[in-house]
Amino acid sequence: MLKKTPFDIIKNRRVTEKARVCEQLQFNSSNPSVKKCDAPKAVFVVDPKANKFEIARAIEEIYADKKVKVVSVNTLNMKSRERIVRGKLGKTRGFKKAIVTFRAGDSIDEKV
């Protein structure tokens, strides 16, 4: 068996409006229940066969220079959806995404 590198496990950063809202929760203090979310979060597209422990280890290795510590990882398997493009029926690809919670005060500070 070949050992997976961190870049085999973590495909890319997921940048959507919903992911940006999730990342900015730590700065929102208007809602009392949201005020408890002091830990930063980031969303990544990961290998569908990767488990939570592999994802956490890969994130810590990729961002070793920033000395981040992963507190928790939540994963979701996104199913493919039907799309119509130029009158033809097709499907989008399914993928697995991971919502990674870092230790309070840690940050990966990427400009996206």
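This passage describes a four-stranded sheet, the helix lying across it and an aromatic pair. The model is predicted, with local features requiring pLDDT of at least 70 and side-chain atom pairs counted only at pLDDT 80 or more, whereas totals for chains, interfaces and linings use all residues. Residues are numbered from 1 along each chain as its sequence is written, and side-chain values use heavy atoms, with hydrogens and water left out.

The four strands form an open, antiparallel sheet in the order β1-β2-β6-β3; strands (E, at least two residues) and helices (H or I, at least four) are DSSP runs numbered from the N terminus, and pairing requires at least two DSSP bridges. The edges are formed by β1 (10-13) and β3 (70-78), each of which pairs on one side only. Neighbouring strands are turned against each other by 30° on average, direction ignored. Three bridges join β1 to β2 (residues 41-46) in the antiparallel sense, and N12 has V45 of β2 as its bridge partner.

Helix α3 (residues 52-62) lies across β1, β2, β3 and β6 (95-102), in contact (heavy atoms within 4.5 Å). Its direction is at about 120° to β3, where axes are lines fitted to C-alpha atoms, for helices over the stretch in contact, and angles between N-to-C directions run from 0 to 180 degrees.

One aromatic pair was found, the criterion being ring centres of Phe, Tyr or Trp (its six-membered ring) within 6.5 Å, with planes under 30 degrees apart termed stacked, over 60 edge-to-face and the rest tilted. The rings of F44 and Y63 have centres 6.5 Å apart and planes at 50°, so the pair is tilted. Because F44 belongs to β2 and Y63 to the loop between α3 and β3, the pair ties together parts 19 residues apart in sequence. F44 is buried at 2% relative accessible area, and Y63 is buried at 9%; buried denotes under 20%, exposed over 50% and partly exposed in between (1.4 Å probe, protein chains only).
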